[in-house]
Amino acid sequence: MQNKVLIKLIVPELDTSFDIFIPVNEVVWKIRKLILMSISDLTNIPIDINSEYLLINKDTCKVYKNNDVIVDTDVRNSSEIILVSR
């Protein structure tokens, strides 16, 4: 599991959170798209994956840019990431 990190994803719009593994060698926009598809499948709530959503670190308040690679960010195991729509 060295190529993945376990994060806590907080989704305020749904008033819920998820513990998920994300690959560290992917860019943020791909991870965000996968997360949105997963949430849509898990909750049976249709989510437009083309809408603008932001991933924000709960502790540092850092907003991750689309082309940031996860391994180059401050995302580590047990990071709390908030998913919010713009």
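## A tour that starts at a hairpin

Begin by selecting Asp15: in the hairpin of S1 and S2, where 4 residues lie between the strands, Asp15 has a positive phi near 55 degrees. Keep in mind as you look around that this is a predicted model.

Next, select the two strands on either side of that turn. Strand S1 covers residues 4–11 and strand S2 covers residues 16–23. They pair in the antiparallel sense, over 8 bridges. Which residue of S2 is the bridge partner of Val5? Pick Val5 and then Ile22, and you have that pair on screen.

Now switch to a cartoon view of the whole protein chain. You can tick off 1 helix and 4 strands. Following the chain along its sequence, you will meet them in the pattern β-β-α-β-β. The radius of gyration is 12 Å, close to the 12 Å that the globule rule gives for 86 residues, so the protein chain is as compact as a globular protein of that length. Show the C-alpha trace and turn it: along its principal axes it spans about 30 × 25 × 20 Å.

Try displaying contacts next. Among those in the protein chain with a separation of 6 or more, 56% are between residues 24 or more positions apart.

Then turn on the surface. The protein chain exposes about 5500 Å², and carbon and sulfur atoms supply 50% of that area. As for what lies beneath, 35% of the 86 residues count as buried.

For a last stop, colour by charge. There are 10 positive and 12 negative charges in the protein chain, and their mean positions are 5 Å apart.

How values were computed:
Residues are numbered from 1 along each chain as its sequence is written. This is a predicted model: local features need pLDDT of at least 70, side-chain atom pairs count only at pLDDT 80 or more; totals for chains, interfaces and linings use all residues. Side-chain values use heavy atoms; hydrogens and water are left out. Two strands pair if DSSP finds at least two bridges between them. Helices (H or I, at least four residues) and strands (E, at least two) are DSSP runs, numbered from the N terminus. The radius of gyration is taken over C-alpha atoms; the globule rule is 2.2 Å times the number of residues to the power 0.38. Buried means under 20% relative accessible area, exposed over 50%, partly exposed in between (1.4 Å probe, protein chains only). Contact means heavy atoms within 4.5 Å. Accessible areas come from the Shrake-Rupley method with a 1.4 Å probe; for residues, only the protein chains shown count as cover. Lys and Arg count as positive and Asp and Glu as negative; His and the chain ends are not counted. The place of a charge is taken as NZ of Lys, CZ of Arg, CG of Asp or CD of Glu.
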